[in-house]
Amino acid sequence: MSLCDDTLLCNYPKCRSKLSGFAWVTACSHVFCDQHGSGEFSRSPAICPACSSALSGKLDIVRTELSPSEEYKAMVLAGLRPDIVLDISARALAFWSYQVHQEHMYQEYSLSRVESQLKQMEKVVTQQNQSRELELIGMKGEISSLKKVMEEYKRKYSEVSERLMERNRQYQKLQGLYDSLRLRNMVVGVGDREVMPHPGHQDFGAAQHATPQRSPPFLSMGQDGDSRFFSCLEADGPNTFFQFSATPIKERGRPFIKKH
C-alpha cells in the first residue's frame, strides 16, 4: 500500500477487508470497518481490538464517512485559521502514513513467516528426498541381488528340467522293455499251458477226440488152457488205450486167464 492508495484495510485481525462507506477511527491511529467497529465499540469501556488500548475519551472513537459529500468538504474546515487547517491536515496525513506503515509491517511479518515456513518445508522435503534416495539405493541393491538369485534359480531349473527329461526318456525305455517282456512271458505261459497240461487233471473230452492207439495183439491159447488174452505192454509206446482205465497199474500188469 502506498500513500496514493485511496483504500484502507480494516485493522481487525480476522477481517482485513477494504474499507468503504463508514469506518470507525480511534485515537490510537487504528481504523475498523463499520461492522466490527459497531460490535466492538458498543461495549463500555471500549477497548481497541488492534492494540488493546482503552478508549474512554469523548473523541477517542469517531465514526466517519470515507466518501463525504461536496457540501461537507466545503464546510468542515471553513472558518478555521490556516495553521489549524494545516495542523488538522498534518494529523490526517500522519494517520494515513501510520496505516501505510502498519500495513507494510504486517506484510513484512507475513512474508517472513511464510519464508520461515517455506525454509522449514524445504528442509523437510530435503530430508525426505535424502531418505527416499537412500531407500532407492537400497531397493536397487535388493533388486540386483534378487536378479542374481533369479538367474541362479533359472540355471538350477534348467538343469533339473534336463535331468527330468533324461529320467523320462529312461523311464519310457524301461517301460517299453517291461511291456515287451510281459507280453513275451504271457505268450510263453499260454504255450506252456497248451503243451503241458496240469498233472492229475486230464481232459476226457480231448481224450475222446484223440486218435485211438493201436489195439494190443491177441495171443493164441496154449495146451494147458491158460493163455493171455492180450498184453498190456505195447511195443509202440506207453500210451495205450488202457491208460485211461480206472484199473490200478499193478492190476493192469496181470494177464487175463480164460477159465473153462
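This passage describes the fold, the largest pocket, the cysteines and the unusual backbone sites of a predicted model.

The protein chain contains five helices and five strands. Their order along the sequence is β-β-α-β-β-β-α-α-α-α. Two strands thus come before helix 1, because elements are numbered from the N terminus. Strand 1 covers residues 22–26. Strand 2 spans 31–33. Helix 1 then runs over 34–40, and strand 3 takes up 46–47. Strand 4 follows at 54–55. Strand 5 occupies 61–65, helix 2 occupies 70–76, and helix 3 extends over 82–195.

The protein chain has 260 residues, and 13% of them are buried. Its accessible surface amounts to about 21800 Å². Carbon and sulfur atoms hold 59% of that surface. Contacts were also sorted by distance along the sequence. Among contacts with a separation of 6 or more, 46% join residues 24 or more positions apart.

The largest pocket encloses about 1300 Å³ of space. It is lined by 31 residues. Those closest to the pocket centre are Val25, Thr64, Glu65, Ala92 and Phe95. Several elements contribute to the lining. Strand 1, strand 5, helix 2 and helix 3 each provide at least two residues. Helix 3 gives the largest share, with seven residues. In terms of class, 18 lining residues are nonpolar, eight are polar and five are charged.

The cysteines were examined next. The structure has zero disulfides. Cys10 shows why a neighbouring cysteine is not enough. Its sulfur lies 3.7 Å from the closest cysteine sulfur, that of Cys33. A disulfide requires the two sulfur atoms to be within 2.5 Å, so this pair is too far apart for a bond. Cys28 is likewise in no disulfide. For Cys28, the nearest cysteine sulfur belongs to Cys48 and is 3.5 Å away. Cys10 is also a buried residue, with a relative accessible area of 0%.

The backbone has some sites that call for comment. Most residues other than glycine have a negative phi, and most peptide bonds are trans. One exception is the peptide bond from Ser44 to Pro45, which is cis, with omega near 0°. Pro45 sits in the loop that links helix 1 to strand 3.

Two serines depart from the usual sign of phi. Ser29 is not a glycine, yet its phi is positive, at about 65°. Ser29 belongs to the loop between strand 1 and strand 2. Its relative accessible area is 22%, so Ser29 is partly exposed. Ser52 also has a positive phi, near 60°, and is a residue other than glycine. Ser52 is placed in the loop between strand 3 and strand 4. Its relative accessibility is 56%, so Ser52 counts as exposed. The cut-off for exposed is over 50%, and partly exposed begins where buried, under 20%, ends.

Notes: Residues are numbered from 1 along each chain as its sequence is written. This is a predicted model: local features need pLDDT of at least 70, side-chain atom pairs count only at pLDDT 80 or more; totals for chains, interfaces and linings use all residues. Side-chain values use heavy atoms; hydrogens and water are left out. Buried means under 20% relative accessible area, exposed over 50%, partly exposed in between (1.4 Å probe, protein chains only). Helices (H or I, at least four residues) and strands (E, at least two) are DSSP runs, numbered from the N terminus. Contact means heavy atoms within 4.5 Å. Accessible areas come from the Shrake-Rupley method with a 1.4 Å probe; for residues, only the protein chains shown count as cover. On a 1 Å grid over the protein atoms alone, a cavity is a set of points where a 1.4 Å probe fits but cannot get out, and a pocket is an open set with protein on both sides within 12 Å along at least five of seven lines; lining residues have an atom within 4 Å of a point. Grid points are joined across faces, edges and corners, and a volume is the space filled by probe spheres set on the points. Ala, Val, Leu, Ile, Met, Phe, Trp, Tyr, Cys and Pro count as nonpolar, Asp, Glu, Lys and Arg as charged, and the others, Gly among them, as polar.
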